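Welcome! Please take a look at the model below, and then try the exercises at your own pace.

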Amino acid sequence: MIHVRRLVVLAAVALLALSSGMAAASPAKSKTTAAVPAAPPPPPFEPLPPPKVYLFRGAMGPIFSTGMDRLGEKLTQAGFSADVYEFTLCRLIGNRVIASYKEKAAPIVLIGHSMGGLCSIVISEMAAKENIPISLVIAIDPAHATGDVPLNVERFINIFLSDSVLGGGDVVAVPGFRGHYASYDLKENARVSHINIEKSDDIHRQIVEMVTKLPRIPPQTQADAVPLRYLVPADTLVELWDSGVRLPVRRGDTMESIAAANRVPLWSLAQSNSLAEDAQLTPGQTIIVPRHLTPPEPAAAMAMPPPAPATSRK
């Protein structure tokens with residue numbers, strides 16, 4: 001019996017030694033955490049098809065809204081599908097816009113003067129009911145009765161005269177609008193009236209540039225856009241910013257240096273932030289800077305329009 005017990009003890013000791021040796025020969029297993037798969041990179045942005053542009057005259061358009069025809073010709077020469085219509089055909093053309101998009105989707109651009117500006121919003125509302133986006137709406141001194149900018153509009157620009165009787169529509173966006181918005185009141189410019197506001201060659205040039213670049217602009221985050229509202233100083237050319245962007249103030253920055261670095265006029269920076277042009281800035285402070293859809297030529301912000309004979313407001 002004693003011999004049996006010794007054999008059992010010796011076997012147990014041998015087994016323990018064998019297991020210890022195997023443990024020493026095997027590398028210790030380190031604790032590992034499950035690898036989190038990396039998020040796939042976003043697909044490269046594919047340029048959109050060329051926009052289709054629809055322009056609308058105001059009341060007595062062939063007489064008082066001829067700037068729409070000139071702008072339509074410039075857009076056509078730039079290679080775009082651009083047609084000019086009377087505002088009285090608004091809903092008929094709206095149905096065509098919707099049908100054309102459903103047949104072959106392409107960015108939609110709506111531009112209207114006076115009642116044509118109102119029509120551009122009406123068509124945007126019609127498209128919203130069909131879940132169709134509108135890439136760009138430009139209202140030029142739209143009628144007072146013009147509705148609010150609906151949520152399906154990606155970019156809205158209003159160029160108007162707040163003291164105009166025939167136009168003067170200070171168009172705002174519906175609550176919850178997250179697109180790009182810029183409003184320009186030109187009432188300080190005595191040379192601009194309701195019947196010549198849509199004829200500016202400089203504004204036409206900028207619109208053609210915007211439409212040209214529109215398909216190649218990657219989508220921007222909704223939180224990225226800050227609405228802009230300006231009372232444009234007298235005798236100042238309009239720069240068609242599409243919205244503002246928030247930038248942090250760095251040490252040594254001034255209102256003037258920020259304006260110069262971003263190639264925007266000092267007055268726009270002051271109005272965007274409700275600050276004086278010589279306001280003292282604090283590092284880390286956030287400041288709103290107007291953003292160009294298409295950068296202007298250097299010093300264009302401070303350029304002055306050529307003298308023109310004064311015209312009476314009508």
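Four exercises with worked solutions follow. This is a predicted model, in which local features need pLDDT of at least 70 and side-chain atom pairs count only at pLDDT 80 or more, while totals for chains, interfaces and linings use all residues. Residues are numbered from 1 along each chain as its sequence is written, and side-chain values use heavy atoms, with hydrogens and water left out.

**Exercise 1.** Find the disulfide (a pair of cysteine sulfur atoms within 2.5 Å) and describe its handedness.

Solution. Start with the count: the structure holds one disulfide. Its partners are C90 and C119, with sulfur atoms 2.3 Å apart. Next, place them: C90 belongs to helix α4 (residues 90-103) and C119 to helix α5 (residues 115-129), so the link joins distant parts of the chain, 29 residues apart. Here helices (H or I, at least four residues) and strands (E, at least two) are DSSP runs, numbered from the N terminus. Then take the torsion about the S-S bond, which is about 105 degrees, so the disulfide is right-handed. Finally, both C90 and C119 are buried; buried means under 20% relative accessible area, exposed over 50%, and partly exposed in between (1.4 Å probe, protein chains only).

**Exercise 2.** Check the length of helix α6 (residues 201-213) against its expected span.

Solution. The expected span is 1.5 Å times one less than the number of residues. For the 13 residues of α6 this gives 18 Å, and the end C-alpha atoms are 19 Å apart, which agrees. Now look at the buried side: I203, H204, Q206, I207, V208, M210 and V211 are buried. Their cover, judged by contact (heavy atoms within 4.5 Å), includes β1 (52-57), α3 (66-77) and β3 (108-113).

**Exercise 3.** Which residue forms a salt bridge with R57?

Solution. A salt bridge is a side-chain nitrogen of Lys or Arg within 4 Å of a carboxyl oxygen of Asp or Glu. The partner of R57 is D69, the closest N and O atoms being 2.6 Å apart. R57 lies in strand β1 and D69 in helix α3, so the pair ties together parts that are twelve residues apart in sequence. As for accessibility, R57 is buried at 13%, whereas D69 is partly exposed at 23%.

**Exercise 4.** Where does the salt bridge of D201 lead?

Solution. D201 pairs with K74, and the closest N and O atoms are 2.9 Å apart. The pair links D201 in helix α6 to K74 in helix α3, 127 residues apart. D201 is partly exposed, at 46% relative accessible area, and K74 is partly exposed at 27%.
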